[in-house]
Amino acid sequence: MTRNLKGIFEQFAQQECHNSSPLYEQLSYAIAQDEAILRIAAQIPKEQPIPNLLFASVQYLLMTQEHPLRAFYPRFTDFVQSPMEAFPHFKDFVLTHTQELAYLFATKRVQTNEVRRCAYLYPMLCDIFEQHKKPLALIEVGTSAGLQLGIDHYQFRYGDTTVGDQTSSLTLQSDNRGESLPKSIAKPFEVATRIGIDLRTMNVNEEEDLDWLKALIWPEHTDRLQLLNQAVHITRELPIQLVDGDATKKLQRIAAQVPEEEMLVIFHTYVANQFSPEAKMNLMQSLIAISKTRPVYHIYNNLYDEQLHQDFLHEHQIEEIRRIDQAESHARWFKWKN
């Protein structure tokens, strides 16, 4: 098991952390060579992204405990020490808090609510609204705290173009490196229904849940932390319905409650990588069953590949509308495809 984890942490350092989180990059390489830490990481359920859950759990505990490791986290100090010197302190903290970490591994999940991913969802929803002239019913699978369901209450900046809610206190900036965005982004869409489903949804009014959401944000990404706080302030005032449970089992019943005059859009980002093959199959069967009685859009990634897909399902037929080949994992940039 530890041999497999060695490769997982090395890959995480190379593909996820490089040029994004120097601290997690250095820690990941060091963890890959340390049997004691790998044995502790082996306690994390295999369906979870193991490095993410380990690092989030450590940062979560650091919020309330004094330790030299805090000096390497920008959120805890203005005088950040070099990531190259962090691992001995990280190892000491982990070995000192094995019981607390084991509890978090068993009770927490990687439920990063990256609100900036709305930047590439927004043009898709504008196009859907423009085509059908119906208010949208948004159902998010793996919703976490449901922050993406407030998408129509955010402002978006793509280069010199600003669209969305011009009165919003939250501006999401993302660089489109692909084809020109559709003209439909100039006209805001209407959302009538907002429903989020997760095995355990996160309540931003609960301090523990909000702290966990913050712990999932990487140490150097202070801009993401600010966006999270702003999105929480906005979505607290919105009529968002959060449902606990297995989306593959509840999706049909929930979709049946959406009025026919609304255009159904079911979406999920960076969630399906935690699904078993059976769960992925059940999700698709649910979507096809829904399409028997009404049209539905499905926006997703990590179901079959890392690309972002937009499909239209109607009467058992699946039509691919577009496929976005590349997007930065936290949506700082994407390559739009018409």
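The following dialogue examines how several features of this predicted model are assigned.

Student: What makes the pair Phe156 and Tyr158 stacked?

Tutor: Two values decide the matter. The ring centres of Phe156 and Tyr158 are 6.3 Å apart and their planes stand at 5 degrees. Rings pair if their centres lie within 6.5 Å, and planes under 30 degrees apart count as stacked, so the pair formed by Phe156 and Tyr158 is stacked. Both residues are also buried.

Student: How many aromatic pairs does the structure hold, and which residues do ring pairs link into a cluster?

Tutor: There are 16 aromatic pairs in the structure. The cluster linked by ring pairs consists of Phe9, Phe12, Tyr24, Phe55, Phe87, Phe90 and Trp218.

Student: How do you know that the charged end of Arg70 sits over the ring of Phe76?

Tutor: The charged end of Arg70 is 4.3 Å from the centre of the Phe76 ring. The distance criterion asks for CZ of Arg within 6 Å of the ring centre, together with a position within 35 degrees of the ring normal. Arg70 is assigned as sitting over the ring of Phe76.

Student: Why are E7 and E11 said to stand at the edges of their sheet?

Tutor: The open sheet has 7 strands in the order E7-E6-E1-E8-E9-E10-E11, with mixed pairing. Strand E7 (241–244) and strand E11 (317–324) each have a single partner strand, so one side of each is left without a neighbour in the sheet. Neighbouring strands here are turned by 20 degrees against each other on average, direction ignored.

Student: How do you know that E10 and E11 pair?

Tutor: Pairing requires at least two bridges, and strand E10 (residues 308–314) is joined to E11 over 7 bridges in the antiparallel sense. One of the residues involved is Leu313, whose bridge partner in E11 is Ile318.

Student: Which helices pack on this sheet?

Tutor: Helix H7 (residues 118–132) lies across strand E1 (136–141), strand E8 (263–268), strand E9 (296–300), E10 and E11, and runs at about 170 degrees to E9. Helix H10 (residues 247–256) touches E1, strand E6 (191–198), E7 and E8, and its direction makes about 165 degrees with that of E1.

Student: What makes E1 a mostly covered strand?

Tutor: In E1, 6 of its 6 residues are buried. Leu136, Leu138 and Glu140 point one way, whereas Ala137, Ile139 and Val141 point the other way. E1 runs parallel to E6, with 6 bridges, and parallel to E8, with 5 bridges. Leu136 has Val191 as its bridge partner in E6 and stands opposite Met263 in E8.

Student: Which strands are the edge strands of the sheet E3-E2-E4?

Tutor: This open sheet has 3 strands and mixed pairing. Strand E3 (161–164) and E4 are its edge strands, since each pairs on one side only. The twist averages 25 degrees from one strand to the next. Strand E2 (residues 155–158) pairs with E4 in the parallel sense over 3 bridges, and Arg157 stands opposite Gln173 in E4. H7 also lies across E2, E3 and E4, at about 100 degrees to E2.

Student: How do you know that the length of helix H9 agrees with the expected span?

Tutor: Helix H9 (residues 222–235) has 14 residues, which at 1.5 Å a residue should span 20 Å. The end C-alpha atoms of H9 are 20 Å apart, so the two values agree. Its buried residues include Leu225, Leu228 and Val232. Strand E4 (171–173) and helix H8 (207–215) are among the elements that cover the buried residues of H9.

Student: Why does Ser286 count as buried?

Tutor: Buried means under 20% relative accessible area, and Ser286 has 3%, so Ser286 counts as buried. Ser286 is part of helix H11 (residues 277–291) and touches Thr248, Leu251 and Gln252, leaving aside residues up to four places away in sequence.

Student: What is notable about phi at Ser144 and Asn302?

Tutor: Most residues other than glycine have a negative phi. Ser144 has a positive phi of about 60 degrees without being a glycine, and Asn302 likewise has a positive phi of about 60 degrees. Ser144 lies in the loop between E1 and E2, while Asn302 is in the loop between E9 and E10. Ser144 is buried at 1% relative accessible area, and Asn302 counts as buried at 14%.

Key. Residues are numbered from 1 along each chain as its sequence is written. This is a predicted model: local features need pLDDT of at least 70, side-chain atom pairs count only at pLDDT 80 or more; totals for chains, interfaces and linings use all residues. Side-chain values use heavy atoms; hydrogens and water are left out. Rings of Phe, Tyr and Trp (its six-membered ring) pair if their centres lie within 6.5 Å; planes under 30 degrees apart count as stacked, over 60 as edge-to-face and the rest as tilted. Buried means under 20% relative accessible area, exposed over 50%, partly exposed in between (1.4 Å probe, protein chains only). Helices (H or I, at least four residues) and strands (E, at least two) are DSSP runs, numbered from the N terminus. Axes are lines fitted to C-alpha atoms, for helices over the stretch in contact, and angles run from 0 to 180 degrees between N-to-C directions. Contact means heavy atoms within 4.5 Å. The expected span of a helix is 1.5 Å times one less than its number of residues.
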